[in-house]
Number of protein chains: 2
Amino acid sequence: MSEYSLTKIRMQTKITSRQLEIIDATGKILTESGVNGLTIKNLAKEMQFSESAIYRHFNSKNEIIIEMLHYLAETLDDIYIASYSHDDNPEDKLLQLINDKLVFFKENPHFAVVVFSDGLLEDSLKANEAIHSIMMTKQKHLRPIIAENQSVDNFTNDLSEEEIIHLLMGVFRLQMFKWRISGFDFDIVEIGNKRLKNIITLIKK
Amino acid sequence: MSEYSLTKIRMQTKITSRQLEIIDATGKILTESGVNGLTIKNLAKEMQFSESAIYRHFNSKNEIIIEMLHYLAETLDDIYIASYSHDDNPEDKLLQLINDKLVFFKENPHFAVVVFSDGLLEDSLKANEAIHSIMMTKQKHLRPIIAENQSVDNFTNDLSEEEIIHLLMGVFRLQMFKWRISGFDFDIVEIGNKRLKNIITLIKK
DNA sequence: TATCTTTGTGAGTGAATATTCACTCACAAA
DNA sequence: TTTGTGAGTGAATATTCACTCACAAAGATA
């Protein structure tokens, strides 16, 4: 395997375990109290140490958010890679990919919040960048699977690859949004998989 | 001030022209600087008068946001009502409805931001309520049109009414999101209508 | 003319905010 | 034994926040 295999080139933003804890706490606060609740004070309270200690691990509040988005992007990339199998038929590949992603969000609901909260940063440039990168990651993994399904005539060619991806992402984003504003009240894995089946019903030849 | 906002009882929250200007400015700021950029100071700067003058027209910052959401909900409702025609065939009704909505957002891009920004308020109760109401409004108008299309066998019955609506809303929300982070760089009416055609291709019998 | 009413202002206020400061302290390497 | 370090602390900082209030200009009204 080449050292420069596409999927592996993301640089290891080495994150300490403490930093990860803080990122988790950030997510938790965002989940419970929204954007305005995310203050260093609340973060310190959640971490059960002083406000100043936060700055031992991050240079600024913005950095925390950006690091969180990067971490999420990397983690999702890993999930997509892990769920990839050469053996399955292309439709099962899609089912597997989506299911794994749903399970991840079920287990880490606070990340569901972050994906939708734009306007998190004053300097929205870097945030948009990070959010964009998350969307691109998903697209990167989805694209070949859709293409394969189309080429074996399992999915329709009435819509382009890109259009089908948009459809999928739109439906899932909305479902995640509903999940979130419901207070994570239902089983996102179950409902999410149902939505996928719905779409497959439509795009299957 | 009693708020019995069942679907039909839209009380005329009489809004002055000055208030509307402030609401517009609010949307503009949200678009450009995100949630954290929305301060009374910035609002005053945008309005080109003093901070205290804002309080001549609204009692609090929260009130501005809530009033903005109400105004948006009412305006959208009006648009839906205006676009409704008894004569058209059910598919054209859908095309018309979506097109009118797209045109509205094209002309008022800053409102496109608001729809996605939850966590706008600390006291998120009323805001979430308002956002929920906007989504319900759309659903209220979409539902009978979808149902009619299904009942005349123009749209598939493989998916329920609700599932088709979810599909539509998901696809449009994502498209609006892309529009927004692109800096409103493309013609949302054109692309949006294309997306609708895509979906119709799939759900048409 | 005299007096409301509306809409603006400038100068404040206390609270909250992110960030910095000087400082401990346990621990480990030299 | 000395020295360096990572990880914590409480107090202090400057800034920003939403909001208040006494006051003024200008119409409308009486």
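**Close-up 1. The protein surface near DNA strand C.** In this predicted model, the surface near DNA strand C draws at least two residues from each of three helices: α2 (40–47) and α3 of chain A, together with α3 of chain B. In total, 14 residues surround DNA strand C. If you would like to find your way in, begin with the closest ones, which are A:T39, B:F49, B:S50, B:S52 and B:A53. By character, the residues of this surface near DNA strand C divide into four nonpolar, five polar and five charged.

**Close-up 2. The protein surface near DNA strand D.** Now turn to DNA strand D, which 15 residues surround. The closest are A:F49, A:S50, A:S52, B:T39 and B:S52. At least two residues of this surface near DNA strand D come from each of α3 (51–57) of chain A, α2 (40–47) of chain B and α3 (51–57) of chain B. The helix that gives the most is α3(A), with four residues. The residues of the surface near DNA strand D comprise four nonpolar, five polar and six charged.

**Close-up 3. Chain A, helix by helix.** Chain A holds nine helices and zero strands, and along the sequence its pattern reads α-α-α-α-α-α-α-α-α. Of the 205 residues in chain A, 36% are buried. Among the contacts in chain A with a separation of 6 or more, 66% join residues 24 or more positions apart.

**Close-up 4. Helix α4 of chain A.** Helix α4 of chain A runs through residues 61–83 and has 23 residues. From its first C-alpha to its last, α4(A) reaches 33 Å, close to the 33 Å expected at 1.5 Å a residue. Many names are worth picking out here: A:I64, A:I65, A:I66, A:E67, A:M68, A:L69, A:H70, A:Y71, A:L72, A:A73, A:L76 and A:Y80 are buried in α4(A). A handy reminder while you look: an α-helix has 3.6 residues a turn, so residues three or four places apart point the same way.

**Close-up 5. Helices α1 and α4 crossing in chain B.** In chain B, the axes of helix α1 (residues 17–37) and helix α4 (residues 61–83) come within 10 Å and cross at roughly 95°. At that angle, α1(B) is roughly perpendicular to α4(B). On the α1(B) side, the contact is made by B:Q19, B:I22, B:I23, B:T26 and B:G27, while α4(B) brings B:I64, B:E67, B:M68 and B:Y71. The residues of this contact of α1(B) with α4(B) divide into five nonpolar, three polar and one charged.

**Close-up 6. Where α8 of chain A meets α8 of chain B.** Helix α8 (residues 161–181) of chain A packs with α8(B) at an angle of about 100°, their axes 7 Å apart. The two helices, α8(A) and α8(B), are therefore roughly perpendicular to each other. From α8(A), look for A:H166, A:L167, A:M169, A:G170, A:V171, A:R173 and A:L174, which meet B:H166, B:L167, B:M169, B:G170, B:V171, B:R173 and B:L174 in α8(B). The residues of the contact of α8(A) with α8(B) divide into eight nonpolar, four polar and two charged.

**Close-up 7. Helix α8 of chain B and its residue B:I164.** Helix α8 of chain B spans residues 161–181, which is 21 residues. Its reach from first C-alpha to last is 30 Å, close to the 30 Å expected at 1.5 Å a residue. Within helix α8 of chain B you will find B:I164. With 25 other C-beta atoms within 10 Å, B:I164 is buried. Leaving aside neighbours within four places in sequence, B:I164 is in contact with B:I146, B:F155, B:L159 and B:I203. Beyond the helix, α8(B) is followed by B:G183, whose phi is positive, near 75°.

**Close-up 8. B:E148 and B:P90.** In chain B, helix α7 (residues 124–151) is home to B:E148. Although B:E148 and B:P90 are 58 residues apart in sequence, their C-alpha atoms are 6.3 Å apart in space. B:E148 is partly exposed, with 16 other C-beta atoms within 10 Å.

**Close-up 9. F184 in the two chains.** A:F184 lies in the loop between α8 and α9 (188–203) of chain A. Its phi is near 55°, a positive value in a residue other than glycine. With 16 C-beta neighbours inside 10 Å, A:F184 counts as partly exposed. In chain B, B:F184 lies in the loop between α8 and α9 (188–203), and B:F184 has a positive phi of about 55° although it is not a glycine. B:F184 is partly exposed, with 15 other C-beta atoms within 10 Å.

How values were computed: Residues are numbered from 1 along each chain as its sequence is written. Chains are lettered from A and ligands numbered from 1 in the order in which they are written. This is a predicted model: local features need pLDDT of at least 70, side-chain atom pairs count only at pLDDT 80 or more; totals for chains, interfaces and linings use all residues. A residue is near a molecule or strand if its C-beta atom, placed from the backbone, lies within 6 Å of it. Ala, Val, Leu, Ile, Met, Phe, Trp, Tyr, Cys and Pro count as nonpolar, Asp, Glu, Lys and Arg as charged, and the others, Gly among them, as polar. The expected span of a helix is 1.5 Å times one less than its number of residues. Axes are lines fitted to C-alpha atoms, for helices over the stretch in contact, and angles run from 0 to 180 degrees between N-to-C directions. Angles under 35 degrees count as roughly parallel, over 145 as roughly antiparallel, 65 to 115 as roughly perpendicular and the rest as oblique. Two residues are in contact if their C-beta atoms, placed from the backbone, lie within 7 Å. A residue is buried if 20 or more other C-beta atoms lie within 10 Å of its own, exposed if 12 or fewer, and partly exposed in between; C-beta atoms are placed from the backbone.
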